[in-house]
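User: Hello! I would like to learn how to read the features of a structure, one at a time. Could you walk me through one?

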Amino acid sequence: MGMIEDHLEIKPPEGVPVWDVDPYDPDILVEPSSYYAELRSKGPFAYIPKYSILACGRHEETREVFSDHERFVSSRGVGLQDFHLKKPWRPQSLVVEADPPYHNKTRKVLMRALSPKATGALKERFQQAADALIDELLKRGEFEAIADMAEAFPTSVFPAAVGLKQSNKRALIDYGAMVFNGLGPDNELRRKSMAMGPDIVPWIAEQCRRENTSDDGFAATIFAAVDAGEINENEGEMLVRSLLSAGVDTTVTGIGSALWCLASFPEEFEKLKADPKLVRPAFEEVLRYTSPVHSFCRTADADTRVAGIDIVKGTKILCVLGAANSDETKWPEPERFDVTRRPMGHLAMGSGIHTCVGQNLARAEVAAVLTAIVNKVDRIEFAGEAEWRPNNAIHALDKLPITLS
Ligand code: HEM
């Protein structure tokens with residue numbers, strides 16, 4: 001068998017329908033809901049000939065593949081490229097693109113750096129920053145919320161939380177978009193993102209060095225693990241890089257999508273205002289409803305079987321988290337955004353040993369912004385049409401004109 005998109009070309013397994021679709025078509029990336037529904041209707045898996053992959057979107061099988069790190073590994077890449085067959089475009093992540101036992105070591109260090117205690121200590125600082133930002137935006141009334149709120153907030157608090165001595169808002173955001181576009185096929189989105197590499201990658205690598213970080217952020221905890229002999233200096237820098245890769249674009253997307261949900265469903269915003277304790281469950285529903293990470297891959301590391309389907313070693317499986325999070329067999333009326341739903345088991349933060357290690361931080365950032373909105377804002381209205389931005393792994397807004405009063 002040959003190669004396609006830098007992974008093994010496979011035959012459609014018996015019992016799996018062939019579906020002539022391009023999951024990376026910009027129209028689908030921008031408005032994926034009918035693609036999600038059709039994928040689920042095909043069965044546990046569909047074979048997509050354009051990329052010779054299996055795709056899964058029903059909650060049960062998506063969770064099974066995504067969380068079974070023994071059969072479906074991450075070390076061969078969580079995008080379409082199989083790192084056993086093709087060298088990755090940047091040094092492989094030591095966390096999200098690693099398997100146990102090595103992953104246990106790096107994950108432990110990041111869990112310590114991003115512990116509930118470490119992120120809890122930032123709560124007050126986040127709330128002050130969010131209150132000041134919402135006060136300023138209320139004064140302006142109308143604004144473009146992706147640049148002025150969703151990007152503005154994380155880039156004002158996250159670099160200091162990591163302990164970066166220098167910050168560059170654009171480079172941090174563009175690097176995240178690049179890493180996520182890099183998980184897709186060799187399409188225009190990927191090529192355009194990769195073209196930014198020479199400008200951004202050296203800057204990012206430089207910020208990850210110990211001398212460019214302070215002694216009171218997450219990076220300091222990582223370098224303390226270097227001093228304790230748990231990891232070496234290069235591993236320390238690579239773990240700081242993991243925070244910069246995964247910690248900006250995702251929270252920017254989470255905040256933008258939360259605001260979009262509240263503007264789209266004013267009655268749900270009213271519920272939130274009536275009961276601010278719903279802020280955290282409401283964000284879980286935003287995650288389920290909008291799935292900021294729409295899909296990531298796994299690679300079968302042995303011949304195996306899922307839902308009665310034979311899967312051969314080397315198969316790339318596109319786990320469509322957005323489809324799983326809107327599976328009607330798991331969530332009654334999945335198309336309804338409901339701040340009281342408490343959607344336990346959504347896959348927006350992953351599942352299993354790779355579950356988002358930055359989730360405490362993401363939740364703390366978004367909770368600060370939503371709390372400021374709930375306390376200070378009476379009405380959220382669209383001031384123009386919202387536009388989504390295609391990305392090979394992230395479902396994010398590009399433009400969100402908003403009026404706050
Ligand atoms: C709304 C915000 C976020 C979303 C939706 C999100 C989503 C995810 C998902 C789906 C995974 C699982 C990947 C996999 O299993 O292959 C993941 C892992 C990860 N996330 Fe997040 N994330 C968010 C915020 C953050 C933040 C703020 C950070 C860091 C500061 C972060 C750092 C990481 C890292 C390092 C991993 C890899 C963990 C591992 O492999 O053990 N994420 N995230």
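Analyst: Gladly. Let us start with burial: a residue counts as buried if 20 or more other C-beta atoms lie within 10 Å of its own, as exposed if 12 or fewer do, and as partly exposed in between. Keep in mind that this is a predicted model. With that cut-off, the buried residues of helix α2, which spans residues 33-42, are Y35, Y36, L39 and R40.

User: Where do the buried residues of α2 sit when seen down the helix axis?

Analyst: They fall within an arc of 135°, so they line one face of the helix. S34 and S41, on the other side of α2, are exposed.

User: Which elements do the buried residues of α2 pack against?

Analyst: Their partners are α1 (26-30), β3 (46-48), β4 (53-56), β10 (316-320) and α16 (321-324). Just after the helix comes G43, with a positive phi near 125°.

User: Some of those partners are strands. How do strands pair in a sheet?

Analyst: Strands of a sheet pair through backbone hydrogen bonds, either parallel or antiparallel. Here, β3, β4 and β10 belong to an open sheet of five strands, in the order β3-β4-β10-β7-β5 and with mixed pairing. At the edges stand β3 and β5, each pairing on one side only.

User: In which sense do β4 and β10 pair?

Analyst: They are parallel, over three bridges. To find one in the viewer, pick L54, whose bridge partner in β10 is I317. Then look for helix α3 (residues 59-67), which lies across β4, β5, β7 (295-300) and β10. Its direction is at about 125° to β10.

User: What is the strand order of the sheet that holds β14?

Analyst: The order is β6-β14-β11, an open sheet of three strands with antiparallel pairing. β6 (142-144) and β11 (380-382) are the edge strands and have a single partner strand each, so one side of each is left without a neighbour in the sheet. From one strand to the next, the twist averages 30°.

User: How many bridges join β6 to β14?

Analyst: Three bridges link β6 to β14 (residues 401-404), and the two run antiparallel. One pair to look for is E144 with P401, its bridge partner in β14.

User: Which strands of this sheet does helix α7 touch?

Analyst: Helix α7 (residues 145-162) packs on the sheet and touches β6 and β14, with a direction that makes about 75° with that of β6. Helix α13 also packs on the sheet, touching β11 and β14. The direction of α13 makes about 90° with that of β11.

User: What joins β12 to β13?

Analyst: A hairpin does, through six residues. Strand β12 (residues 387-389) pairs with strand β13 (residues 396-399) in the antiparallel sense over three bridges. E387 has K399 as its bridge partner in β13.

User: Now the backbone angles. What should I look out for?

Analyst: Most residues other than glycine have a negative phi, and most peptide bonds are trans. That makes a short list of places to visit. E5 is not a glycine, yet has a positive phi of about 50°. It lies in the loop between β1 (3-4) and β2 (7-8). S52 is another residue other than glycine with a positive phi, near 50°, and is found in the loop between β3 and β4.

User: Is S52 buried or exposed?

Analyst: S52 is buried, since 21 other C-beta atoms lie within 10 Å. E5, with 19 C-beta neighbours inside 10 Å, counts as partly exposed.

User: And where is the cis peptide bond that involves P101?

Analyst: It runs from P100 to P101, with omega near 5°. P101 is in the loop between β5 (72-73) and α4.

User: Last, the ligand. Which residues come nearest?

Analyst: Of the 25 residues around the ligand, the nearest are G247, G350, H354, C356 and G358. The elements that give two or more residues to this shell are α4 (102-113), α12 (233-246), α13 (249-264) and α17 (359-376). So α13, which you met packing on the sheet, is one of the helices that supply the shell.

User: How do the shell residues divide by type?

Analyst: There are 15 nonpolar, nine polar and one charged. In this count, glycine is among the polar residues.

Definitions and conventions
Residues numbered from 1 in each chain as written. Predicted model: local features only at pLDDT ≥ 70, side-chain atom pairs only at ≥ 80, totals over all residues. Near = placed C-beta within 6 Å. Helix = DSSP H or I, 4+ residues; strand = E, 2+ residues; numbered from the N terminus. Arc of directions from axis to C-beta. Contact = placed C-beta atoms within 7 Å. Pairing = 2+ DSSP bridges. Axes fitted to C-alpha atoms, helices over the stretch in contact; angles between N-to-C directions.
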